Amino acid sequence: MDPKQATRLSKFLSQHLRHAPAAIGLRLEAGGWVAVADLLAACAAHSHPLTRDELEDLVEDNDKQRFAFDETGQRLRAQQGHSVAVDLQLAPAAPPAVLYHGTAPAALPAIQREGLQKMSRHHVHLTADEATARRVGQRRGRPVLLAIDAAALHAAGGVFYKSGNGVWLIEAVPPHYVREAQ
Ligand code: HQG
C-alpha cells in the first residue's frame, strides 16, 4: 500500500475506533474492541475498503502503533486517544521519574494555573521520550516542552496507566508537578 493510502486509512480507523464508531455502524465492546470482520465490512461500506492482510500491514507499520489486535487476532482496538466512553481495562503502573508533555505557547498560562487537563480525550497523554513530546507540541506550532515530576505525583497517589503503545495516561496533572523544560 502506498504511504498516502496508508495515512488515509489510518486516519479513518483512528476517527472511528476513537471518536465516532456509530458513524460507520460500529459499537465498541468493553476494552474498546471491535470484531475485525465487522470493521472490514464497515470500512468497505464507507468508501475505505481494505483486506485483512492490508489491515495487518497497517497495524504493524503504523508510526505510533495506534492500533492493536487482541490475542486471538479477531478483534482490533485503538491503543489510546479515545473521546468516546470506553474502559481500556489498563492496569495502573509505576511511571518513570520524569515524563514529558509537548504543548503550544498559548496553552501555557492555563496549564500553569490549572495543570494539565485531559480536554476532549479520556486522559492526559504523557511520554517518557522528550523528542516525542516535542513532536506532539509541534502539531500546534512552536513546541513547549513540559517535564512532569511523575515520581512525586505517583507518590502522592496519582494513578498512571501505560497504553500498549507506550503512552503514559493519567486523569490530570496538578500545576505543582509541571515545569517548563526548555
Ligand atoms: C492542552 C496525538 C489549556 C494540551 C499526539 C494539548 C499525542 C491544555 C491540548 C496524542 C490544558 C489537548 C495526544 C489546560 C492540556 N489548559 N490547554 N489546562 N491542559 N492542554 O490532542 O497531548 O496522532 O487532546 O497541552 O501525537 O496534544 O492522535 O492531546 O495541547 O500522542 O495518535 O490541550 O494525540 O497522537 O490536545 O496529544 P490533545 P495531546 P495521534
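Colleague: Let's start with Ala 93. How do I read its relative accessible area, and what class does that put Ala 93 in?

Modeller: The general idea is a pair of cut-offs: under 20% is buried, over 50% is exposed, and partly exposed is what lies in between. Ala 93 has a relative accessible area of 26%, so it counts as partly exposed. Keep in mind that this is a predicted model.

Colleague: Where is Ala 93 found?

Modeller: Look at the loop that runs between strand 3 (75-78) and strand 4 (98-103); Ala 93 is in there.

Colleague: And leaving aside neighbours within four places in sequence, which residues is Ala 93 in contact with?

Modeller: Contact here takes heavy atoms within 4.5 Å. With those sequence neighbours set aside, Ala 93 is in contact with His 154, Phe 160 and Trp 168. Take Phe 160: it is 67 residues from Ala 93 in sequence, yet their C-alpha atoms are 5.7 Å apart in space.

Colleague: On to phi. What sign does phi have in most residues other than glycine?

Modeller: Negative, for most of them. Two residues here go the other way. Ser 47 isn't a glycine, but its phi is positive, near 65°. Gln 89 isn't a glycine either, and its phi is about 55°, again a positive value.

Colleague: Where do Ser 47 and Gln 89 lie?

Modeller: Ser 47 is in the loop between helix 2 (36-45) and helix 3 (52-61). Gln 89 lies in the loop between strand 3 and strand 4.

Colleague: Are they buried or exposed?

Modeller: The cut-off for exposed is over 50%. Ser 47 has a relative accessible area of 56%, so it is exposed. Gln 89 comes in at 52%, so it is exposed as well.

Colleague: Now the ligand. How many residues surround it, and which are the closest?

Modeller: There are 18 around the ligand, and the closest are Lys 64, His 101, Thr 103, Arg 121 and Arg 139.

Colleague: Which polar atoms should I look at around the ligand's nitrogen atoms?

Modeller: Glu 114 has a polar side-chain atom 3.1 Å from a ligand nitrogen. Gln 117 uses a polar backbone atom, 2.9 Å from a nitrogen atom of the ligand. For oxygen, check Arg 140: an N or O atom in its side chain is 3.1 Å from an oxygen atom of the ligand.

Colleague: How much of the ligand's accessible area does the protein cover?

Modeller: On its own the ligand has 780 Å² of accessible area, and the protein covers 86% of that.

Colleague: Which elements give two or more residues to the shell around the ligand?

Modeller: Strand 4 and helix 4 (108-114). Helix 4 gives the most, with 3 residues. As for the space the ligand takes, that is the largest pocket.

Notes: Residues numbered from 1 in each chain as written. Predicted model: local features only at pLDDT ≥ 70, side-chain atom pairs only at ≥ 80, totals over all residues. Heavy atoms only, no water. Helix = DSSP H or I, 4+ residues; strand = E, 2+ residues; numbered from the N terminus. Buried < 20%, exposed > 50% of the residue type's maximum accessible area, 1.4 Å probe, protein only. Near = heavy atom within 4 Å. Polar contact = N/O pair within 3.5 Å; in protein donor to acceptor, adjacent residues only side chain to side chain. Areas by Shrake-Rupley, 256 points an atom, 1.4 Å probe, with all protein chains shown as cover. 1 Å grid on protein atoms, 1.4 Å probe; cavity = no way out; pocket = protein on both sides within 12 Å on 5 of 7 lines; lining within 4 Å. Sits in = over half its atoms within 2 Å of the grid points.
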